[in-house]
Amino acid sequence: MTANRPAFRAVADQIREGIEAGAFTPGAKLPSDTALAEQYGTSRATVGNAFRALLSEGYLIRKGRSYLVSPLIRKILRDANVRYSKPNREAAPDGAPSRGAFASEVKALGMRAGSDVTVDRVVPPAHIAEILNVSAEEASVLSRARRMTADDIPVQLATSYVPGEIAFDSALENVDTGAGGMISRLAEMGYAQAEVTEEINVRTPTEAEIEELQLAEDARVYELLHIARTAEGRAVEVAVHVMPTHQWTLRYGWNIESTK
């Protein structure tokens with residue numbers, strides 16, 4: 001113990017500082033626990049615990065029996081102030097065509113966005129059905145489930161639900177929905193999103209999420225419930241996003257009306 005902190009925390013601090021200072025570069029293999037124990041004047045067990053703490057924080061990834069510096073040290077910025085605007089959805093920071101806001105966010109880090117998409121007509125969860133005003137007893141919605149990556153690192157699970165009345169037999173059933181993604185296609189179909197509500201909670205990941213997102217057992221995730229409505233107030237999309245907290249920064253802003 002050092003200053004009422006476990007010794008492994010002090011070792012984790014030093015390794016983290018080395019990563020942030022560039023002494024350990026993204027993707028690089030860390031020295032062995034034996035070498036670091038000698039360097040820091042501690043035990044292999046203490047270094048092992050420091051490795052596990054940094055794995056949970058997202059600074060390290062595991063490859064076989066080795067620990068490597070994560071290629072994703074900088075967090076992805078999910079800026080709700082701009083991410084739903086048409087220019088941001090349809091063009092990346094370099095001006096090239098984009099397949100939606102997520103692709104633009106990842107490209108801003110100089111990384112390649114990827115998405116494994118599963119499209120299906122499904123029976124919605126009861127709370128989703130209630131929001132969309134559809135049946136919870138039959139396949140009344142189109143589900144677009146995505147496992148999203150940055151340079152092949154899993155960073156998000158997201159499932160969007162759209163009423164079948166709108167989505168069935170439309171471009172939304174294509175795996176690739178084109179420039180601007182699903183939001184742009186909905187707008188072209190006459191269902192432009194005008195109002196968005198998001199609810200965010202932090203929780204432990206499920207066993208399936210740990211596997212799909214390659215998380216440590218003690219990691220935490222944001223669960224973000226996204227509800228999009230038209231100018232007339234109709235809910236046309238409900239999405240559930242699951243994002244590791246150590247990989248994402250969430251930014252929101254709003255104007256405060258003057259009371260004068």
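This is a short walk through one predicted model, taking strand S6, Glu209, a pocket, Tyr252 and helix H8 in turn.

I'll start with strand S6, which covers residues 153–163. How many of the residues of S6 are buried? The count is 11 of 11, so the strand is largely enclosed by the rest of the structure. On one side of the pairing we have strand S5, residues 141–150, which runs antiparallel to S6 over 10 bridges. To pick out one pair, Val141 has Pro163 of S6 as its bridge partner. The hairpin that S5 and S6 form has 2 residues between the strands, and Asp151 there takes a positive phi near 50°.

S6 also pairs with strand S9, residues 235–244. That pairing is antiparallel as well, over 5 bridges. Here Thr159 is matched with Val240 in S9. As a general reminder, side chains in a regular strand alternate between the two faces of the sheet.

Next, Glu209. Where does Glu209 sit? Its element is helix H9, residues 207–213. Is Glu209 buried or exposed? Its relative accessible area is 10%, and the cut-off for buried is under 20%, so Glu209 counts as buried. A polar atom of the Glu209 side chain lies 2.9 Å from the backbone nitrogen of Thr206. Setting aside residues up to four places away in sequence, Glu209 touches Leu157, Arg203, Gln214, Leu215, Val221 and Val242. Leu157 falls within the 153–163 range of S6, and Val242 within the 235–244 range of S9, which ties Glu209 back to the strands I began with.

Now the second largest pocket. Its space comes to about 370 Å³. Two elements give two or more residues to its lining, namely strand S1, residues 60–63, and S6. The lining has 17 residues in total, and those nearest the pocket centre are Leu60, Ile61, Arg62, Leu213 and Gln214. Gln214 is also on the contact list of Glu209. Which element gives the largest share of the lining? That is S1, with 3 residues. Sorted by class, the lining holds 10 nonpolar, 5 polar and 2 charged residues.

On to Tyr252. This residue lies in the segment after strand S10, 248–251. With a relative accessible area of 33%, Tyr252 is partly exposed. Which residues does Tyr252 contact, leaving aside neighbours within four places in sequence? They are Arg78, Ala80, Asn81, Glu198, Ile200 and Leu224. Two of these contacts have a polar component between side chains. The Tyr252 side chain is in polar contact with that of Glu198 at 2.5 Å, and with that of Arg78 at 3.5 Å. For a sense of the sequence span in this area, Tyr252 and Ser85 are 167 residues apart in sequence, and their C-alpha atoms are 14 Å apart in space.

Last, helix H8, residues 181–188. Why call H8 largely enclosed? Because 6 of its 8 residues are buried. Those are Gly181, Met182, Ile183, Ser184, Arg185 and Leu186. Just after H8 comes Gly190, with a positive phi of about 95°.

To close, two elements here are described as largely enclosed by the rest of the structure: S6, with 11 of 11 residues buried, and H8, with 6 of 8. Tyr252, by contrast, is partly exposed.

Note on methods:
Residues numbered from 1 in each chain as written. Predicted model: local features only at pLDDT ≥ 70, side-chain atom pairs only at ≥ 80, totals over all residues. Heavy atoms only, no water. Buried < 20%, exposed > 50% of the residue type's maximum accessible area, 1.4 Å probe, protein only. Helix = DSSP H or I, 4+ residues; strand = E, 2+ residues; numbered from the N terminus. Pairing = 2+ DSSP bridges. Polar contact = N/O pair within 3.5 Å; in protein donor to acceptor, adjacent residues only side chain to side chain. Contact = heavy atoms within 4.5 Å. 1 Å grid on protein atoms, 1.4 Å probe; cavity = no way out; pocket = protein on both sides within 12 Å on 5 of 7 lines; lining within 4 Å. Points joined across faces, edges and corners; volume = space filled by probe spheres on them. Nonpolar A, V, L, I, M, F, W, Y, C, P; charged D, E, K, R; others polar.
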